[in-house]
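Reader: I am new to protein structures and would like a close look at a single part of this one. Please pick one helix and show me how it fits into the whole.

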Amino acid sequence: MSSPLVLFDIDGTLTRRAGPHHRDALVVGVRRVLGVETRNDNIAVHGKLDTEILLEMMANAGVPAGRARAALPAIYRAAERYYLRHVPVLRRKTCPGVRRLLYTLKRRGAVLGLVSGNLERIGWKKLERADLARYFRFGTFSEMAPTRSGLVYRAVRYARRRGWINGASRCVLIGDTPNDVEAGRNNGLETIAVATGLSPLGELRASRATLCAPDLTHPSIRKWLQGVFDHA
Ligand SMILES: [Mg+2]
């Protein structure tokens, strides 16, 4: 029997309206390390990696690219420290249908992982505060690869190397932006796009996801789930 692998994006897919703490943490991180004032309220952050957002913030503030890159590891740590201290309880900030789907997937033996543009400690803390972390066995995060496709690649390889999945396993990525869909498809995964983030359903359909749904409570998700386990 081959366990399916189901990879989840975080923002807009598992949680939403989680407050300004994450964006603030990036600004504070740059301030603490470089003493430079930056902003991200003028940047379209959804679907982007934290690293990309930080580099864009610093470029906009006139920080030379080399200096910005060299400062990244220290900025990650400063941003994570800020977030860990300030993040509130997020138990009511989960997207519709998330808890039930995770419970069902886990109970039926799926391997669950994260592929997120969040910095690692921010991502895990967010899920911990939303009471969702316990469903996930592992994850790949912003600082682990330069692109989201690279993160998906690393996640699948990680699960394979540990023997959790094999060549016959169904591998699925669930996300809320065309960036997620593209990253999954680039790695040959099935993709599910849910319109619980900022991308409207029409935009997700145009991205040619395997399945598009308004949210994870939609009957098409249940049907898909049935298919996954029928073939396992
Ligand atoms: Mg997202």
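Author: Let's begin with a word you will need: a residue is buried if 20 or more other C-beta atoms lie within 10 Å of its own, exposed if 12 or fewer, and partly exposed in between, with C-beta atoms placed from the backbone. This is a predicted model, in which local features need pLDDT of at least 70 and side-chain atom pairs count only at pLDDT 80 or more, while totals for chains, interfaces and linings use all residues. Residues are numbered from 1 along each chain as its sequence is written.

Our part is helix α7, which covers residues 178-186. Helices (H or I, at least four residues) and strands (E, at least two) are DSSP runs, numbered from the N terminus. Within α7, the buried residues are Asn179, Asp180, Val181, Glu182, Ala183 and Gly184. They pack against α6 (148-161), β4 (171-175) and β5 (190-194). Just after the helix comes Gly188, with a positive phi of about 75 degrees.

Now visit the neighbour α6, where you will find Tyr158. Tyr158 counts as partly exposed because it has 18 C-beta neighbours inside 10 Å. Its C-alpha atom is 8.7 Å from that of Phe138, and the two are 20 residues apart along the chain.

Let's step back to the whole protein, which has nine helices and six strands. Its radius of gyration, taken over C-alpha atoms, is 18 Å, close to the 17 Å that the globule rule gives for 232 residues, so the protein is as compact as a globular protein of that length. That rule is 2.2 Å times the number of residues to the power 0.38. Of the 232 residues, 44% are buried.

The protein is divided into domain 1 (5-17 + 91-231) and domain 2 (21-86), with bounds that come from an automatic or database domain assignment. Where the domains touch, domain 1 brings 16 residues and domain 2 brings 13 residues to the contact; two residues are in contact if their C-beta atoms, placed from the backbone, lie within 7 Å. Here our helix returns: α5 (120-129) and α7 are the elements that give two or more residues to the side of domain 1 that touches domain 2. On that side α5 gives the most, with three residues.
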